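This briefing covers enclosed space, open pockets and nonpolar packing in one protein. Please look over the structure, then read the points by topic.

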Amino acid sequence: MHNLIHWRLLVAVADSGKITQAASQCGMTQSGASQAIAQLEEMLNTLLLVRLPHSVALTQSGEQIVRHARIMLAELDAIQKYAQQAKSAHAGKIRLASFPSAFALLLPPLLRKFRRRYPAIELVQLEGTDLEVENWLALETADVGVVLNPSPERQSYPLGQDRWLAVTASEHPLARSRQPVDFSLLAELPFVLATGGCYLNAQLLAQQAGLALADVRVTVSDWSTALTLVREGVGVSLLPASVIPADIPGICALPLTTPLYRHFGLVCSLRSADSAPVQTLLQYLQEHLPLPVSS
């Protein structure tokens, strides 16, 4: 195929009816433009233009070829425009903040696929408590953050949900009954309070339910430590289902009679909402997590 400038020249000639004017628009000399037209006619083996005293006119073949040339050039322009937009949208840096359990359990498969698809976008992971994540978003230290139970009026992108389960040692009376546990009963027992580095934990859930944990024996931030203490008979606990290994010995996990969930949502900081790389991430999540899970 001849140089694209030749096709642009042909379209310009069709629009202006003058080779001199078209040559000027395309940054060519008149002789260079005449030579380019001649090369196109030789390549296509057909006459494209008829020279008139003060202008040129398209032949019938020329009219049809120019029609196709316009389509070709429009498609090429669309490709170039897309490539320019993609370059800005598919490159850059995103500071992603989250609490530890989301980085450990929820985000890895999503982020692995995202990195493979958009290798030029650098994901910087900031790990902290859920309150720190909120603070980083407010201060624009983070571009996007995983937020627990985002309020309905807040714009967020659902990542999933996790059910809270009552956890006891295998020999505990509640474990032997294998029945759903009422939160009010659980709150009266010796309790291992596990926070997982999050403000949203059993103590706050109890307050929201109009209850109080009557006998907190120990408070830990690590989920696995809490499981060990429960297995050793220190107390019962309330933990997210995702942090409880399926095959852990000496532990029994039971649903609550009234289920409770923690919902995960991705929230943008104020300035980052319009960032091209952030929009790419949000679009990716909408494609892979199109619908929020209802409780």
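A cavity here is a set of grid points where a 1.4 Å probe fits but cannot get out, and its lining residues have an atom within 4 Å of a point. The model is predicted. Searching the whole structure turns up one cavity of 30 Å³ or more. The largest nonpolar core has 62 residues.

**Cavity**

- The volume of the largest cavity is about 70 Å³.
- Leu96, Leu107, Leu110, Leu111, Phe114, Leu159, Leu266, Leu281, Tyr284 and Leu285 line the largest cavity.
- Two elements, helix H6 (108-117) and helix H12 (276-288), give two or more residues to this lining.
- The cavity lining has 10 nonpolar residues, no polar and no charged.

**Nonpolar cores**

- Within the 62-residue core, the residues with the most contacts are Leu186, Leu238, Leu239 and Leu266.
- Strand E6 (residues 157-169) gives this core its largest share, six residues.
- Leu266 also appears in the lining of the largest cavity.
- Beyond its neighbours within four places in sequence, Leu238 is in contact with Trp164, Leu165, Ala166, Phe183, Leu186, Phe191, Ala202, Leu205 and Leu256.
- Another core, of 20 residues, lies apart from the largest one; among its members are Ala33, Ala36, Leu40 and Val56.

**Largest pocket**

- The largest pocket holds about 240 Å³ of space.
- Its lining counts 16 residues, and Leu148, Asn149, Leu200, Leu204 and Gln208 lie nearest the centre.
- Helix H7 (130-138), strand E5 (144-148) and helix H10 (202-208) are the elements that give two or more residues to this lining.
- H7 gives the most, with four residues.
- By class, the lining of the largest pocket has 12 nonpolar, two polar and two charged residues.

**Second largest pocket**

- About 200 Å³ of space lies in the second largest pocket.
- The lining of the second largest pocket comprises Leu137, Ala138, Arg154, Gln155, Tyr157, Val267, Cys268, Ser269, Leu270, Ala273, Gln279 and Leu282.
- At least two residues of this lining come from each of H7, strand E11 (261-268) and H12.
- Eight of the residues lining the second largest pocket are nonpolar, three are polar and one is charged.

**Shared elements**

- H7 supplies lining residues to the largest pocket and to the second largest pocket.
- H12 contributes to the lining of the largest cavity and to that of the second largest pocket.

Notes. Residues numbered from 1 in each chain as written. Predicted model: local features only at pLDDT ≥ 70, side-chain atom pairs only at ≥ 80, totals over all residues. Heavy atoms only, no water. 1 Å grid on protein atoms, 1.4 Å probe; cavity = no way out; pocket = protein on both sides within 12 Å on 5 of 7 lines; lining within 4 Å. Points joined across faces, edges and corners; volume = space filled by probe spheres on them. Nonpolar A, V, L, I, M, F, W, Y, C, P; charged D, E, K, R; others polar. Core = buried A, V, L, I, M, F, W, Y, C linked by side-chain atoms within 4.5 Å. Buried < 20%, exposed > 50% of the residue type's maximum accessible area, 1.4 Å probe, protein only. Contact = heavy atoms within 4.5 Å.
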